[in-house]
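This report describes selected features of one protein structure for a reader who has not met it before. Please look over the sequence and the structure first.

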Amino acid sequence: AYLFLSSRSKKEKNISTGLLIINAVSLLYCFSLGSLIALFFAMIGLIVFAGKEERFRVIYIVLTTVLASFLSVFAGFFGMGKSGAVGLLPLLSLIIFGFALAFLLRYIDSFTARLNALGRKRILIFSLLALVILGALGGAAFTLSDPYTFDASSGTLKRAVTLAPGEYQLEVASPSDNSGIDLVIESQSYDQASTHTSSTLYSGKLSSAPIPFTVPIESRICFINITAPDGTVIETVSVLDSEKHLVKSINPDYLLLPTFIANRLQGLFVNENAAQRFVFFHDGMKIAAMSPIIGHGPGAFESNILSVQDYYYETSGAHNHYIQTLDETGIIGLIAFLSIFACCLIALIRKIRTAENRALYSSLFAMLILLIIHTALELTFCLAIYNLAAFLIFALISTNYGQKEALAMNKKKGVTPVPKVAVNVTLCLGIAVLIIYLGQFIAFQSVTKAGAAGDTVKFLDTLSFAAKLDFTNDMSHKASYLAAYSANLPETYYEKAQKYAAELEQHNSFGTLSVLVNYYAVTGQNEKAYQALNNRLTLMRYDATAWNATFDFYRQNLENAINSNSSESSINLIKKYASAAYEQLKAYLETSPLDIQLSEENQAFMETLDK
């Protein structure tokens, strides 16, 4: 948009128009809801900060680009994934509507002149009318139905519908043979959406009679899944009440809306991806709370997520770069990161009335808005190409709308030197960071060398030294100390091992608790081993394998204790902590969206303990 507004020749306008339509169509084909939300607010900013002289031109560019790009995607989508001549539709539609956009943009000056002649009241009326028309078109896109025909690329037809709890019937009208049509009706609560699970209300073949199903109380959305052979036509899908009155009519297909966009918008307020993102955000804040000032270092989210998540999922990041920065660098790093946005925002706000080149000003403001919002929805700054674009925008803002007047005045008066205190503080910080990194390097090299030598005593001494030298990773060295400890060592090593064990208990991480269980078992501290094992379950509460492994441990230990005629106190101790672990499981299942199943042996074991 900026390139078009600043173009001085016909060639420049054509190039900028081509880039405009390519970017807009590409974004729609990718259809990231977070990106579109950020883009919407960015376009509002582009219009608001364009200034009186450029505002109508910007509005015209935005409206015509939106129209051309949506029409291009609508026409081109029918060729997506197809071979032959039909597969050229996306490219052809892009070219055709690119020329259409170029043609429409030729009238930008006459459009602007007419709007300026109308006056504010008439412009407001026309704007409201345009919003009504757009609303009507949007409503028509979501309501005008079309029969759905299965082909080789169709897969499963999935439609969402919001229903109140109760009894319903589903009626599907199809002129095709119903014997080849499979139907699955699912219900999903918000908790299930965050865990990507659902409850099956019906599963089987489609029949000519309406199919009854019951929507549970906790349901927030229902999904109708239809699978059929190629050529099968679904004409209507209707939800009826128990007396066969129409409750809701579901569109098999959309006449004006591309199917992939309709599918992404289904269940918008109970969306699996959105629900999962909020779980990521929540767990990311839990990780941040564990080290709020300086963070945990690179990879903090991925390495700590097991210790805070309420159910198992895999992800490398929080999908929010603010939270990711907080996890990795703490409040100090987050403030530094936010200061980049803050300084750019302040620079632009200060020029809000006096900025020259309003096209560039509004474009940079819109870009900054997009960066700020999109950073809250994705790990944007982890991508090198994104960093290049983002920092180029920061540089353009600083260069064009920074404090150039103040700098010019300082040049005339003589540049004020940097305060000596600031220089000394910066130097001390740099030295401190260097010492920390040097300690990490020496500790790593020493431990590696001692471990390769095979001398246990020397290895333990080196680990103890490394824990002091590399204090940022001291828990790792102390855990390694306990893992390498053996009972035949001198008393001083046992005392140090006990000290480290107490510190690891306070650390309370999945890895350290696993080490503690083994250490306490080796040193005969059975009760502490059982305590560490049950504490470990609180961190692995979502993992059925961890629960079963724990009860396997207790069951086998109890069998061994009984067979070896151990004391009654030892047997009762095993029963006590096995029962406590089972109570943990029952308490977790009362609030968990997951269903943890014990093996038959462990279930029978727990039943014998209850008796």
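The text below covers a pocket, a surface patch, some salt bridges and two backbone angles.

The structure is a predicted model, and the values given here are computed from it.

**The second largest pocket**

The second largest pocket has a volume of about 1400 Å³. Its lining is made up of 36 residues. Those nearest the centre of the pocket are G295, H296, G297, T472 and N473. Sorted by class, the lining holds 15 nonpolar, 19 polar and 2 charged residues.

Which helices each supply at least two residues of this lining? They are α11 (300-304), α12 (321-350), α16 (420-453), α18 (474-484) and α20 (510-522). Of these, α16 gives the most, with 5 residues.

**A nonpolar patch on the surface**

A nonpolar patch on the surface is formed by L63, L128, L129, L131, I133, L134 and L137. Together these residues have about 680 Å² of accessible area. Helix α7 (residues 120-143) provides the largest share of the patch, 6 residues. L63, by contrast, is placed in helix α4 (residues 52-76). The relative accessible area of L63 is 46%, so L63 counts as partly exposed.

**Salt bridges**

Side chains of opposite charge can pair when their charged atoms come close. The count for this model comes to 10 salt bridges. The table lists three of them.

| Pair | Closest N to O distance |
|---|---|
| R57 and E54 | 3.1 Å |
| R57 and D109 | 2.7 Å |
| K478 and D474 | 3.6 Å |

R57 appears in two rows, paired with E54 and with D109. R57 and E54 both belong to helix α4, where they stand 3 residues apart, about one turn of the helix. Both R57 and E54 are buried. The salt bridge between R57 and D109 links distant parts of the chain, with R57 in helix α4 and D109 in helix α6 (residues 108-118), 52 residues apart.

Is each partner in this second pair buried, partly exposed or exposed? R57 counts as buried because its relative accessibility is 13%, and the cut-off for buried is under 20%. D109 has a relative accessible area of 48% and is therefore partly exposed.

K478 and D474 form a salt bridge within helix α18. They are 4 residues apart, which means that about one helical turn separates them. K478 and D474 are both buried. Elsewhere, E54, R57 and D109 are joined into one network by salt bridges that share partners.

**Two residues with positive phi**

Most residues other than glycine have a negative phi. Where does the model depart from this pattern? H319 has a positive phi, near 55°, and is not a glycine. H319 is located in the loop between α11 and α12, two helices that also contribute to the lining of the second largest pocket.

N565 is another residue other than glycine with a positive phi, also near 55°. N565 sits in the loop between α22 (544-563) and α23 (568-591). With a relative accessibility of 68%, N565 counts as exposed, because the cut-off for exposed is over 50%.

Notes: Residues numbered from 1 in each chain as written. Predicted model: local features only at pLDDT ≥ 70, side-chain atom pairs only at ≥ 80, totals over all residues. Heavy atoms only, no water. 1 Å grid on protein atoms, 1.4 Å probe; cavity = no way out; pocket = protein on both sides within 12 Å on 5 of 7 lines; lining within 4 Å. Points joined across faces, edges and corners; volume = space filled by probe spheres on them. Nonpolar A, V, L, I, M, F, W, Y, C, P; charged D, E, K, R; others polar. Patch = residues over 30% accessible without salt bridge, like charges linked within 9 Å, V, L, I, M, F, W, Y side chains within 5 Å. Areas by Shrake-Rupley, 256 points an atom, 1.4 Å probe, with all protein chains shown as cover. Salt bridge = Lys/Arg side-chain N within 4 Å of Asp/Glu carboxyl O. Buried < 20%, exposed > 50% of the residue type's maximum accessible area, 1.4 Å probe, protein only.
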